[in-house]
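User: Please take a close look at the nonpolar cores of this model, and set them against the helix packing and the contact between the chains.

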Amino acid sequence: MSGGLVLTVSILYLGLLFAIAQFVDHRADKGRPFTRNPYVYTLSIAVFCTSWTFYGSVGLAATRGFDFLPIYLGPTLVFVLWSVIWIKIIRICKLHRITSIADFIASRYGKRARLGGLVTIITVVGTTPYISLQLKSIATSFRILISSADGQLLHAASDPIYFIDTTLIVALTLALFAILFGTRHIDASEHHEGLVAAIAFESVVKMVAFLTVGFFVTYGLYGGFTDLFAKAAENGLDTLFAVNADGDYSRWMTMTILSMAAIICLPRQFYITAVENPEESYLRKATWLFPLYLLVINIFVLPIALAGRIAFDGVTADADMFMLTLPLINDQEMLALIAFVGGLSAATSMVIVAAIALSTMICNDLIMPLLLRARWFNINKNDDLTGLLLTIRRISILVILFLGYVYYLFASESYSLVTIGLVSFAAAAQFAPAIIIGIFWKGASYHGAMTGLALGFLIWIYTLLLPSFAQSGWLPLSFIAEGPFGIDFLKPYALFGLEGFDRLTHALFWSMLFNIGALWLVSLLSQQTAIERIQGTLFVDVFGHTDDERDSRYWRGSATVSDLQQLVGRFVGGQRAAKAFAEFAEERNLNLKRNQSADAALLDFAEKLLAGAIGSATARVMVGTVVKGEIVGLDEVYRILDETSQVIEYSHRLEQKSAELEQATAQLRNANERLKELDSLKDHFLSMVSHELRTPLTSLRAFGEILVDNPEVSREERERFLNVIVKESSRLTRLIDQLLDLARMEAGEMDWSLDEVDVRSTLQEAMAALDGLVQENGVAVQVDIPDHLPCVRADRDQLMQVIINLVSNAIKFCDKSEGRIEVSVNVADSELQISVADNGRGIPDDMEERVFEKFHQSTGRGGDKPQGSGLGLAICREIVTFFGGRIWVSNKTEGGALFTFTLPHAGLAEISLSAE
Amino acid sequence: MTPTVLVVEDEPNIVLSLQFILKQAGFTVRVARDGEQALRAIDDYVPDLVLLDIMLPRQNGFSVCEQIRVNPACRNVKIIMLSAKSREADKERALALGADEFVTKPFSTRELGRMVREIISPVKPARSVNPN
């Protein structure tokens, strides 16, 4: 095929890419671009499939069968089962305006430039072979295509072509593309719509090309899958697609884990999935669309590999190039050209995205921090630095591609595509612990991450990179076979005596052991700074406080609005800064004055604006140059937290205290009420005693005087008057007795004659004494006493007094002739319950306790004058209490009062004794 | 026409003694057992004098006294309050409410009789116009 044709097609293809990117960017500038949807997003993630997939998978399958699969299994697992990790990362990136994986890690561990720098260096070292791999595939495929003719492959592959190396031209073209479409915005966290659209387009091209070749091989050369596999089996190739019992599972495992880490940690994947993600929700579609893409693009890998093996049986042929050579030997030049374009698309997409991602990292995390340190670079000059930033990035892109090209020239010839790819994967995998542990464990510290990364990287160099140099002849081969200086223990493929694993598993094991181990141990042992702690919390709890302003709390000093705006303007452009500040003010209804002191929210806003352009670590340093005052220390963060908890504790205690006080006040108030009540009760008592004594005395005196003054009154009248005198005299005596009893009881000076008392006979005697009163009032009395009652220890006369008082009270409050009184005795375990129930008006609810107070007099029947002295129940209570019982009153549900008192008894055993 | 005395008292024996003394002195005696009965009795027939106990069921003597004093029909009704409570405060209150006299129980029947006669005369020859 003519080189001119291939070159023309290549240039046309690249031109098409330029056109697409240009068109979409043009549209994006005018408004919402039509490429902003989950499908384009998913296709852009398919940048994962590089020329390694396009050519290398077939090569690997041709020799090792299904071994190519784990590389796609890992990403599938991550997207299908663990998409939450992506959601978390995307959320964090958007919130903090993260621009790259280096920025992400640096930001998580306290915005430290050193960490970002280390990540950048690892990335550059790890990615350069990968880029060279793409360049190599382009160059190789180009050579094979133009050196074929009429179904014959010419073996002049290493001849210099034309006057200049095509690979270099390709590299330069790609650099130009990346510069034009990847460095359009100064804010690296902004989206590059055109770039993403072009990458998505490339994903379509490479898939269509792969499927076309696959279809041709499977259905053109053979009669479908069955036929192809049957033919392969005839050629003894069935070992490639049979599942062997002695399969190398450790390698499968390693590759799966490696590719799981790679889909997250490869700088270009991180960039395209997280930084360029337009909307978080798009990821939901990608979780199944992306694995589907991987499945489709891999369907024909094994058939093409098998067909290649059959076709080139006995001939030395590069299995990595079956995609091209199969069509060529079948004289399908058009098809070969399509395959070439597919491979070209796979390679270019990777190179472009990787170069852009890397250039941002190199600029923001490597060059800028160094520039800020350099004395000769006076950062305090108020220059506009946007031009400088863009220049650094553009030069970085050129340097990256140049490095890739150099590596391709010197090293890549000795390795297959897959081997280079895996070495690159292993380098990227070193970021996984710092990222994944960092977003789930707040305790992961800067020193931990730094040590882990450094150790992992060193082991990666020692076990994978140096041996590859040895194989390229830059180091003596004895380095691999005998170890450095003949030290067996340090052989790079059997470090510390660990043998029996393949090289990749071996390298991954040691690097991850040291990486994770150091991250964990050093984090536990080292003290976090305030910013680390704040950032750790913000990253881990990103779903918790999305628009919180807590993140800005570590700026303690202040800066004026104009200082801040000027600073931001230098890096993102004066107009853009002014616009952003105006939007900020408008959003919050603020009127920002130039000399006004910026609050924490504005400081945070400015820092994030800067972070989008120059990365979080540099942004923090730059804001620090204008903020007068310093960053809070860890002890201050703790103090703030501590104070808060103390205040909470204190207010809690206050609340408790005031509740206690309220309670005490209420108690005091009650006590006071009670005292007042007692006082008025005493007053009342005296006045009642006076009244109760004077009333009978009045009658006595009146009738006495009447009889003295009127000796002539009739005999009947005289008798009547004398009777009154007698009655009132005894009433007076009774009253005085009661008063004295009560006083003695209350003073504890009562003369009790305690004895074993038979309750039954006492009750009966009391009822007999009441007989006259009962008859007089015509009430029905029912007495219910069990035959056998235990004895109680009591004063018999006083017990009788209680019963008489209760029953006569009951009679007093019953209606005449309709009254019914029930007296009953119940025996409980340790006490007797004696009840007197009536069918009178009952006791008002609030009076149940007061009826037992002295001189409490309930109005009698029909609201008449209270009958009696008001001392009866008070005396009953004194007596019952003295006997060790209780007395209370309740209302019967059917109406009427129920007085009950208890008397403790010694038990039934004593009945029989007393009965005998 | 003999003056009428309304005795308001809930102790039956005291009522009995007062009835005897007042009848002997030539007054017509009416009796009420509690405050409400007393007010009804006054509505029915305006007495010349009310002997009013303080500790009464339903409405106490103070309240009854107050109402008699606001009743225009009772402008000329005299009131003597009786109390078994010897508190000075009660006496002051009674006089303030418009009682003419305050008597503490137990009282002397002779003194009470004299007091009643002084306040109202059973026969008022000085003021009466002899129709003959």
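Analyst: What follows starts with the cores, then turns to two helix pairs, and ends with chain B and its contact with chain A. The model is a predicted one.

The largest nonpolar core holds 211 residues. Those that touch the most other members are Ile105(A), Cys265(A), Ile304(A), Met323(A), Ala355(A), Ala426(A) and Leu610(A). Among the elements, helix H17 of chain A, residues 333-373, gives the most to this core, with 25 residues. Ala426(A) can serve as a sample of how the members meet. Leaving aside residues up to four places away in sequence, Ala426(A) touches Leu258(A), Trp460(A), Leu464(A), Leu504(A), Ala507(A) and Leu508(A). There is also a second, separate core, of 43 residues. Phe721(A) is one of its members, and Ile54(B), Ala84(B) and Val103(B) are included as well, so this second core, a set joined through C-beta atoms within 7 Å, has members from both chains. As a general matter, nonpolar side chains in soluble globular proteins tend to be buried together.

The setting in chain A is as follows. Chain A has 916 residues, of which 46% count as buried. Its secondary structure comprises 35 helices and 9 strands. Among contacts in chain A with a separation of 6 or more, 82% are between residues 24 or more positions apart.

Two helix pairs in chain A show the packing in detail. In one, helix H2 (residues 38-45) packs on helix H14 (residues 282-298) at an angle of about 50°, their axes lying 9 Å apart. That angle makes H2(A) oblique to H14(A), and their crossing is right-handed. From H2(A), the contact uses Pro38(A), Tyr41(A), Thr42(A) and Ile45(A). H14(A) brings Tyr282(A), Lys285(A), Ala286(A), Leu289(A), Phe290(A) and Tyr293(A) to meet them. By class, this contact consists of 8 nonpolar, 1 polar and 1 charged residues.

In the other pair, helix H25 (residues 561-572) and helix H26 (residues 574-587) of chain A pack with their axes 7 Å apart, at an angle of about 130°. H25(A) and H26(A) are therefore oblique to each other, and H25(A) passes H26(A) in a right-handed crossing. Gln565(A), Val568(A), Gly569(A) and Val572(A) make the contact on the side of H25(A). On the side of H26(A), Gly574(A), Arg576(A), Ala577(A), Ala578(A) and Phe581(A) take part. Here the classes come to 5 nonpolar, 3 polar and 1 charged residues.

Chain B, which supplies members to the second core, has 132 residues, and 41% of them count as buried. It contains 5 helices and 5 strands, in the order β-α-β-α-β-α-β-α-β-α from the N terminus. Residues 24 or more positions apart make up 61% of the contacts in chain B with a separation of 6 or more.

Between the chains, 21 residues of chain B are in contact with 20 residues of chain A. On the side of chain B that touches chain A, the elements giving two or more residues are helix H1 (12-24) and helix H5 (109-119) of chain B. H1(B) gives the most, with 6 residues. This side of chain B divides into 9 nonpolar, 5 polar and 7 charged residues.

Methods
Residues are numbered from 1 along each chain as its sequence is written. Chains are lettered from A and ligands numbered from 1 in the order in which they are written. This is a predicted model: local features need pLDDT of at least 70, side-chain atom pairs count only at pLDDT 80 or more; totals for chains, interfaces and linings use all residues. Two residues are in contact if their C-beta atoms, placed from the backbone, lie within 7 Å. Helices (H or I, at least four residues) and strands (E, at least two) are DSSP runs, numbered from the N terminus. Ala, Val, Leu, Ile, Met, Phe, Trp, Tyr, Cys and Pro count as nonpolar, Asp, Glu, Lys and Arg as charged, and the others, Gly among them, as polar. A residue is buried if 20 or more other C-beta atoms lie within 10 Å of its own, exposed if 12 or fewer, and partly exposed in between; C-beta atoms are placed from the backbone. Axes are lines fitted to C-alpha atoms, for helices over the stretch in contact, and angles run from 0 to 180 degrees between N-to-C directions. Angles under 35 degrees count as roughly parallel, over 145 as roughly antiparallel, 65 to 115 as roughly perpendicular and the rest as oblique. A crossing is left-handed if the near helix is turned anticlockwise from the far one by less than a right angle, and right-handed if clockwise.
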